[in-house]
Amino acid sequence: MGSFLGHALPGTFFVIMGLWWSTKSILKYIFKKQKRSHDFGPKALIRRAEILEGIVIISMSLIGMAGEQFIPGGPYLTLYKEGHWNQLLGWHHFTMYFFFGLLGVANILCFTTSSLPVSLTKLMLSNALFVETFVFQNHTHGREMLDIFIHQLLVLVTFLAGVVAFMEFLTRNNLLLEILRSSLILLQGSWFWQIGFVLYPPSGAPAWDLADHDNRVFLTICFCWHYALTYVIIGGNYTFVTWLVKSRLRSLCPTEVGLLKNAEQEQESEEEM
């Protein structure tokens with residue numbers, strides 16, 4: 001991960017998963033609000049989507065682990081070499097990817113066998129995020145001030161995401177927690193990109209002064225802008241998905257649109273009461 005690409009790759013993975021998880025939560029919420037949700041969200045389709053999600057997570061993890069080990073100059077699965085530890089920071093990243101790979105395995109097992117509870121996936125997600133928090137908390141010893149600071153912000157995001165995922169494990173089908181977790185995953189992905197731009201500017205971009213306090217102040221503001229952007233993205237995603245579902249319902253079965261509107265009105269009345 002000691003390069004711009006090494007930070008852009010996990011950043012892209014987390015952005016993709018954050019978008020997917022927010023979309024899935026929005027779809028579940030829309031279908032839950034209508035009376036005949038089983039007609040549009042069959043269990044078999046949901047199961048296939050969850051299995052596919054697990055396969056994608058495992059694939060991303062394998063790509064990340066292979067990238068950390070087999071890039072030119074990488075450790076090539078050698079932890080101890082010539083009397084010294086060999087590229088331990090790369091092994092940090094490898095460990096992070098490995099635990100997210102376990103999440104993908106849990107996703108597949110929970111939806112292909114009936115012997116495991118579905119909530120295990122939330123526990124494994126929480127576990128992967130806590131491991132990532134622990135790894136990055138011990139990732140920047142002896143480095144420049146700005147380098148340490150931007151990784152501390154990443155640690156904050158991963159820890160909060162782990163706490164929210166664990167709360168999801170304890171409470172099922174809570175839309176607000178799911179959206180909050182998706183926003184933190186999106187923030188984590190975008191912040192990985194920001195770290196890449198700060199530590200390894202692309203060709204032609206000016207280098208950051210890692211000892212300048214003003215840069216730290218700016219990145220504090222930038223971090224808040226990143227988080228605001230995640231909610232803009234989720235809001236736009238909610239608007240688009242809602243419009244798409246309603247337009248599909250209108251074209252396939254106009255009577256379902258009325259049911260959906262009635263269900264929304266009933267939901268609003270219950271919330272007002």
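The following exchange examines the cores, the largest cavity, one helix and one loop residue of a predicted model.

Student: Which helix supplies the largest share of the largest nonpolar core?

Tutor: This core has 42 residues, and F100, L125, L129, I150, W191, V198 and L219 touch the most other members. At least two residues come from each of α1, α2, α3, α4, α5, α6 and α7. The largest share, 10 residues, is supplied by α5.

Student: Which residues does L129 contact, leaving aside its neighbours within four places in sequence?

Tutor: L129 belongs to the largest nonpolar core and is among the residues that touch the most other members. It is also one of the buried residues of α4. With those neighbours set aside, the contacts of L129 are F100, T158, A161, G162, A165, I185 and Q188.

Student: What is the volume of the largest cavity?

Tutor: A search of the whole structure yields one cavity of 30 Å³ or more. The space within the largest cavity is about 140 Å³.

Student: Which element gives the most residues to the lining of the largest cavity?

Tutor: The lining consists of P10, F13, F14, M17, W21, I57, M60, S61, M96, Y97, F100 and L103. Two or more of these residues come from each of α1, α2 and α3. The greatest contribution, five residues, is that of α1.

Student: How many residues of that lining are nonpolar, polar and charged?

Tutor: Among the lining residues are F13, W21, S61 and F100, and F100 is also a member of the largest nonpolar core. By class, the lining divides into 11 nonpolar, one polar and no charged.

Student: Why does the span of α4 agree with expectation?

Tutor: The helix α4 has 18 residues, and at 1.5 Å a residue these should span 26 Å. The span agrees because the end C-alpha atoms of α4 are 26 Å apart.

Student: What covers the buried residues of α4?

Tutor: The buried residues of α4 are T121, M124, L125, S126, A128, L129, V131, E132, T133, V135 and F136. Of these, L125 and L129 are in the largest nonpolar core. The covering elements include α1, α3, α5 and α6.

Student: Is P201 buried, partly exposed or exposed?

Tutor: P201 is located in the loop between α6 and α7. Leaving aside neighbours within four places in sequence, P201 contacts G196, P206, A207 and W208. Its relative accessible area is 27%, so P201 is partly exposed.

Student: What distance separates the C-alpha atoms of P201 and S3?

Tutor: Along the chain, P201 and S3 are 198 residues apart. In space, their C-alpha atoms are separated by 9.1 Å.

Technical notes: Residues numbered from 1 in each chain as written. Predicted model: local features only at pLDDT ≥ 70, side-chain atom pairs only at ≥ 80, totals over all residues. Heavy atoms only, no water. Core = buried A, V, L, I, M, F, W, Y, C linked by side-chain atoms within 4.5 Å. Buried < 20%, exposed > 50% of the residue type's maximum accessible area, 1.4 Å probe, protein only. Helix = DSSP H or I, 4+ residues; strand = E, 2+ residues; numbered from the N terminus. Contact = heavy atoms within 4.5 Å. 1 Å grid on protein atoms, 1.4 Å probe; cavity = no way out; pocket = protein on both sides within 12 Å on 5 of 7 lines; lining within 4 Å. Points joined across faces, edges and corners; volume = space filled by probe spheres on them. Nonpolar A, V, L, I, M, F, W, Y, C, P; charged D, E, K, R; others polar. Expected span 1.5 Å × (residues − 1).
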